[in-house]
Amino acid sequence: MRTWCFIAGVFCGIIAAVHELSVTQSILDIAQRHAEQAGARRITAINLVIGELTGFVDDSIQFYFDFMSKGTLAQGAQLNFERIAARVLCHACGAEYVPPNSRLWACPECDELGSEIIAGREFSIASIEIE
Ligand SMILES: [Zn+2]
């Protein structure tokens, strides 16, 4: 999983692309293993939970997936994404809040910086649908 990066936006973009390739491969491997164990003929859909801070782009994961799944049980499967919003915890005052879409997350209650991310980095397979 990609670690969130505040500074090097371009560099992180490249890292994200590499990571999308490798997470897509992982999704495919895990889904295939479960489908084989279940005796499925094919995988019709894979439901993913993805935090918005992962930086993963739905379309590019689907794009890689379509390419990598050719000739496998998962060929033609639809990827569904459930997005988890970012949430952070302020250590200064204990407030939990949804960070605004900027790089400096000042606490709305006390104005402190440097809060801890408590949601938004998730990446997992919730379920797969098979025939
Ligand atoms: Zn605070």
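How many bridges join strand 1 to strand 2, and do the two run parallel or antiparallel? There are 7 bridges, and the strands run parallel. Along that pairing, Val 49 sits opposite Glu 82 of strand 2.

Before going on, a caution. This is a predicted model. The mean pLDDT of the chain is 84, and 83% of the residues score at least 70. By element, strand 2, residues 78-84, has the highest mean, 95. Helix 1 has the lowest, 77. The weak part is residues 1-14, where pLDDT is below 50. That stretch still has 13 contacts in the model beyond near neighbours in sequence. Where pLDDT is low, predicted coordinates should not be read in detail.

Now the layout. The chain has 2 helices and 6 strands. From the N terminus, the order is α-β-α-β-β-β-β-β.

Back to strands 1 and 2. They belong to an open sheet of 3 strands, in the order 2-1-6. The pairing there is mixed. Strand 2 and strand 6 are the edges, each pairing on one side only. On average, neighbouring strands of this sheet are turned by 20° against each other, direction ignored.

Next, the other sheet. It is also open, with 3 strands in the order 4-3-5 and antiparallel pairing. Its edge strands are strand 4, at 96-97, and strand 5, at 116-119; each pairs on one side only. Strand 3, residues 87-89, pairs with strand 4 over 2 bridges, in the antiparallel sense. Leu 89 stands opposite Glu 96 of strand 4.

On to the core. Which residues of the largest nonpolar core touch the most other members? They are Ile 27, Ala 31, Ala 35, Ile 43, Ile 46, Ala 74 and Ile 128, out of 18 residues in that core. Four elements give two or more residues: helix 1 (9-37), strand 1 (43-51), helix 2 (58-68) and strand 6 (123-130). Helix 1 gives the largest share, 5 residues. As background, nonpolar side chains in soluble globular proteins tend to be buried together.

Take Ala 74 as one example. Setting aside neighbours within four places in sequence, Ala 74 contacts Leu 28, Ala 31, Gln 32, Ile 43 and Ser 69.

Two numbers for the whole chain. Buried residues make up 22% of its 131 residues. Among contacts between residues at least 6 apart in sequence, 73% join residues at least 24 apart.

Technical notes. Residues numbered from 1 in each chain as written. Predicted model: local features only at pLDDT ≥ 70, side-chain atom pairs only at ≥ 80, totals over all residues. Pairing = 2+ DSSP bridges. Core = buried A, V, L, I, M, F, W, Y, C linked by C-beta atoms within 7 Å. Buried ≥ 20, exposed ≤ 12 C-beta atoms within 10 Å, placed from the backbone. Contact = placed C-beta atoms within 7 Å. pLDDT = per-residue confidence, 0-100. Axes fitted to C-alpha atoms, helices over the stretch in contact; angles between N-to-C directions.
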